[in-house]
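Here is a walk through one model, from a hairpin and its loop to a sheet and a pocket. Have the viewer open while you read.

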Amino acid sequence: MIRRRTATTALLAAPFIAVTAPPGAQARPARQTHQEQHPRPETYVVSTTPGDTPEGIEVTRNGTIYVTSVGTGAVYRGTVRNPRLRVFLPAGSDGRTAATGVHVDRWGRVLIAGAGTSKLYMYDARGRILAIRPASQGAFLNDFAFTEDAVYVTDSAHNQIWRAALTEDGIGQLKPWLTRDKIQPTPYFLNGIVSDGRYLLVGEQGQDVTYRVDLRTKAVRTLEITGANGILSGDGYLLEGRRLYAVYNAGGGKYVTRLAVLDRDWTTAEIRADSMPGATNATPTTIARDGGRLLWVNSQLDAAPGTPPYTVSVVPGLK
């Protein structure tokens, strides 16, 4: 989240297999999915407030959308069935003047990365504050990854990873977990982060690499990339099994959401497909799953504060 640099387009062509029916047989009409029977909007309006630049996104299993504003700290909420989102947490509330990452934990609590406020915020589903956890002064808390017992947070200013214990009872204090001097090559802008419980994958946008961090030993290596000029770094990541979606945000009109497939040990990833945004200065930053489609935030960060309305839209060509 919050971005940065060149991308190539590598579309994966799937083989086409023709299936013929026996003579005299009548073709059965294709069964419509629930989503086809009840079509959802292709674009969602997050905000019409000037300067309310959106950044992070979360879509829960019940179809609730959360979108953060890095410009004001407001957090918006809606449903995948309605094209308009509404204010969930007003700008500036609880000292939150900027917001980047947003995720809902397995107990239904909403975690917000406070960007340059150097704080992590936790709310219940009604918007009541449950906890505020400060990092060190000057930290820029950007994105989250969850494991069974903790949350890991990227700090794009100090280029380190923070950790806080996470249980049903609440959240512990934020503590430095992996500092910049323990990461090679030396990071200059840590951003997107995901985990499968064994490893973290962390996007480094200064050098366009993805780090693989062993959660047990803290050993760090870079992910070996095949295809697309060997480039895979993430402003925002989405991990689904061994499929990794990375919002590669290079700035200057060069953006792409990239699908890569990881090997079993998370040492290599093969680029399979790219999707490019259609709108000028859309600047996609983060991505989330909604059933059989993907949604990304059109942040307009390259033209900040941008021009309302600020939107979320369907990622074209990727599922």
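Which residue stands opposite Pro284 in S25? Asn298 does. Before going further, a word on the source: this is a predicted model, where local features need pLDDT of at least 70, side-chain atom pairs count only at pLDDT 80 or more, and totals for chains, interfaces and linings use all residues. Residues are numbered from 1 along each chain as its sequence is written, and side-chain values use heavy atoms, with hydrogens and water left out.

**The hairpin and the loop after it**

Strands here are DSSP runs of E with at least two residues, numbered from the N terminus, and two of them pair if DSSP finds at least two bridges between them. S24 and S25 run antiparallel and are joined by five bridges. Together they make a hairpin with two residues in between, and Gly291 in the turn has a positive phi of about 60°. Six of the seven residues of S24 are buried (under 20% relative accessible area, 1.4 Å probe, protein chains only; exposed is over 50%, and partly exposed is in between). S24 is therefore largely enclosed by the rest of the structure.

Past S25 (293-298), the loop to S26 (310-314) holds Ser299, which is buried at 0% relative accessible area. A polar atom of the Ser299 side chain sits 3.1 Å from the backbone nitrogen of Leu301. Ser299 is also in contact (heavy atoms within 4.5 Å) with Thr53, Pro54, Ala282, Thr283 and Thr285, leaving aside neighbours within four places in sequence. Pro305 is in the loop between S25 and S26, and so is Pro309. Each follows a cis peptide bond: Ala304 to Pro305 has omega of about 5°, and Pro308 to Pro309 has omega near 5°.

**Positive phi outside glycine**

Two residues other than glycine have a positive phi, as listed here.

| Residue | Phi | Loop | Relative accessibility |
|---|---|---|---|
| Ala115 | near 50° | S7 to S8 | 0%, buried |
| Trp266 | near 55° | S22 to S23 | 2%, buried |

**A four-strand sheet**

The S7 to S8 loop belongs to an open antiparallel sheet with the order S6-S7-S8-S9. S6 (102-104) and S9 (129-134) stand at the edges with a single partner strand each, so one side of each has no neighbour in the sheet. From one strand to the next, the twist averages 15°; angles run from 0 to 180 degrees between N-to-C directions of lines fitted to C-alpha atoms. In the middle, S7 (residues 110-113) and S8 (residues 119-123) pair over four bridges, with Leu111 facing Met122 as its bridge partner.

**The largest pocket**

A pocket is an open set of points on a 1 Å grid over the protein atoms alone, where a 1.4 Å probe fits, with protein on both sides within 12 Å along at least five of seven lines; lining residues have an atom within 4 Å of a point. The largest pocket holds about 1,200 Å³ of space, counted as the space filled by probe spheres set on the points. Its lining has 40 residues, and Glu58, Val59, Arg61, His103 and Val104 lie nearest the centre. Strands that each supply at least two lining residues include S2 (54-59), S6 and S24 (284-290).

**Asp149**

Finally, Asp149 lies in the loop between S10 and S11 (150-155) and is partly exposed at 43%. Not counting residues up to four places away in sequence, Asp149 touches Arg163, Ala164, Ala165 and Leu166. The C-alpha atoms of Asp149 and Ile171 are separated by 9.6 Å, with the two residues 22 apart along the chain.

How values were computed: A polar contact is a pair of N or O atoms within 3.5 Å; within protein, one must be able to donate a hydrogen and the other to accept it, and residues adjacent in sequence count only if both atoms are side-chain atoms.
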